[in-house]
Amino acid sequence: QTGRTLSEDEWTALIEGRTPDLADRLFAQARAARDEAYGRAVYLRGLIELTNFCKNDCLYCGIRKSNRQARRYRMSVDEVLACCTQGYAQGLRTFVLQGGEDPWFAQDKIVAMVRSIRRQHPDCAITLSLGEWPHDAYAAFRAAGADRFLLRHETADDGHYAMLHPTSMSPDRRKTCLFDLRRLGYQVGSGFMVGSPGQTARHLARDLAFLKELNPHMIGIGPFVPHRHTAFRDEPAGSADLTLFLIGCLRLMLPRALIPATTALNSVDAQGRMRGLAAGANVLMPNLTPPQYRGSYDLYNGKATSGLEGVENIARLRRQLEEAGYQVPLARGDSAVAVERA
Ligand code: SAM
């Protein structure tokens with residue numbers, strides 16, 4: 001259960017030399033490792049995209065601050081609470097609050113919001129995905145009742161990071177945030193985009209090596225998909241096959257991690273959800289964002305927001321999963337990776 005790992009050279013050679021046959025063998029081993037760690041459970045998380053205002057300018061992202069064409073919105077705390085109530089009634093026991101880095105949502109507002117959700121749903125996990133904050137802010141969110149935090153490192157290669165982000169953003173600060181979160185006793189999620197502009201197999205090998213070192217509780221990866229109002233509009237989207245292959249690698253390297261089949265994977269491949277699970281993933285994140293805002297959390301072209309992606313179809317999603325031999329527990333679904341003592 002400690003997981004196998006390779007050197008950067010070996011990961012690079014494996015990624016460059018992958019074949020469909022090798023992928024199938026990898027997926028069979030990955031499924032066995034997942035089943036050993038978690039059984040056949042697939043955990044559902046309700047995703048609430050609470051604001052698309054952002055002070056950052058990540059070059060790939062549709063809600064970057066320089067995109068003047070984005071239709072900006074932010075949800076009120078009452079709207080967020082109503083989403084949680086709706087999700088709870090549908091059997092969800094984890095709420096993921098995600099957003100751009102919106103200065104309006106200052107530390108005290110987030111603390112108050114987390115406290116309200118915690119009071120209303122003591123049996124649920126609260127996951128935040130709200131970007132980079134000082135250590136003390138993360139500590140305040142944790143004290144208010146947040147259990148988990150998602151912050152992708154995006155790319156572990158500093159040169160590649162600089163190519164994807166403005167100079168005001170720093171890869172070291174992002175990594176410091178991840179280690180702060182871990183020390184504060186959060187279940188921590190990290191991850192990266194697959195096929196982002198300029199990415200090589202060597203960069204991906206570094207991503208895997210970094211994740212092995214971080215040993216996160218959750219790992220989210222998904223293909224890069226271009227957005228029409230960014231400088232990367234003409235870049236090709238990342239490959240679903242490579243994303244699936246990397247999910248398999250991650251499952252073998254870190255068998256106890258929770259790994260979602262992400263919306264981005266599903267947006268480039270109509271079968272992405274089930275193929276992701278067949279490659280070793282064990283989490284899905286139905287969208288709980290109210291319909292009037294959903295289309296505006298527009299990170300990339302063709303983002304899937306309806307069908308089985310939406311919480312309104314959760315009963316159908318459950319049926320499909322059960323027919324495929326998975327169980328969908330009514331539970332928080334905490335990570336099997338040990339949490340550091342705060
Ligand atoms: N602001 C928070 C943060 O930085 O972690 C959370 C929101 S951010 C929009 C969530 C994730 O969206 C990022 O970590 C990034 O990997 C992903 N993302 C942004 N633009 C994307 C694109 N064009 N294609 C695929 N994923 C993208």
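**Note on the predicted model: M193, the annotated site and two helices**

1. Residue M193 lies in strand β6, which runs over residues 187–194. The model discussed here is a predicted one. M193 counts as buried because 24 C-beta neighbours fall inside 10 Å, where 20 or more are required. Leaving aside residues up to four places away in sequence, M193 touches E154, G222, P223, F224 and G238. Between the C-alpha atoms of M193 and A336 there is a separation of 24 Å, and the two residues are 143 residues apart along the chain.

2. One of the contacts of M193 is E154, a residue that also appears in the record. An unreviewed UniProt entry lists E154 and R174 under "binding site". These two positions are spread over 21 residues of sequence, yet they cluster in space, with a largest C-alpha distance of 9.2 Å.

3. E154 is placed in the loop between β5 (148–150) and α6 (158–164). Although in a loop, E154 counts as buried, since 21 C-beta neighbours lie inside 10 Å. Its contacts, not counting residues up to four places away in sequence, are Y161, L164, F192 and M193.

4. R174, the other listed position, belongs to helix α7, residues 171–183. R174 has 20 C-beta neighbours inside 10 Å and therefore counts as buried; the cut-off for this class is 20 or more. When residues up to four places away in sequence are not counted, R174 touches E132, L151 and H153.

5. The ligand is surrounded by 18 residues, and the closest are C61, G131, R152, L299 and Y300. By character, the shell around the ligand divides into nine nonpolar, six polar and three charged residues.

6. The same kind of record also supplies a domain annotation. In the unreviewed UniProt entry, "domain: Radical SAM core" covers residues 40–262. Over residues 40–262 the chain is 38% helix and 16% strand, and the C-alpha atoms at the two ends are 18 Å apart.

7. Helix α2 occupies residues 20–38; its 19 residues reach 26 Å from the first C-alpha to the last, close to the 27 Å expected at 1.5 Å a residue. Its buried residues are L26, A30, A33, R34, A37 and Y38. Viewed down the axis of α2, these buried residues fall within an arc of 100 degrees, so they line one face of the helix. The face turned away from the buried side carries the exposed residues D21, D24, R25 and E36. Helix α9 (240–253) is included in what covers the buried residues of α2. Just after α2, G39 takes a positive phi of about 70 degrees.

8. Helix α4 (residues 107–120) can be checked in the same manner. At 1.5 Å a residue, its 14 residues should span 20 Å, and the end C-alpha atoms are 20 Å apart, which agrees. I110, M113, V114 and I117 are buried in α4. They cover an arc of only 95 degrees around the axis, and therefore sit on the same side of α4. An α-helix has 3.6 residues a turn, so residues three or four places apart point the same way.

9. What packs against the buried residues of α4? The partners are α3 (77–89), β3 (94–99), β4 (125–129) and α5 (135–144). On the face of α4 turned away from its buried side are the exposed residues D108, A112 and R119.

Note on methods
Residues are numbered from 1 along each chain as its sequence is written. This is a predicted model: local features need pLDDT of at least 70, side-chain atom pairs count only at pLDDT 80 or more; totals for chains, interfaces and linings use all residues. UniProt positions are given in the numbering used here, feature names are shortened, and annotations may be inferred rather than shown by experiment. Helices (H or I, at least four residues) and strands (E, at least two) are DSSP runs, numbered from the N terminus. A residue is buried if 20 or more other C-beta atoms lie within 10 Å of its own, exposed if 12 or fewer, and partly exposed in between; C-beta atoms are placed from the backbone. Two residues are in contact if their C-beta atoms, placed from the backbone, lie within 7 Å. A residue is near a molecule or strand if its C-beta atom, placed from the backbone, lies within 6 Å of it. Ala, Val, Leu, Ile, Met, Phe, Trp, Tyr, Cys and Pro count as nonpolar, Asp, Glu, Lys and Arg as charged, and the others, Gly among them, as polar. The expected span of a helix is 1.5 Å times one less than its number of residues. The arc is that of the directions from the helix axis to the C-beta atoms.
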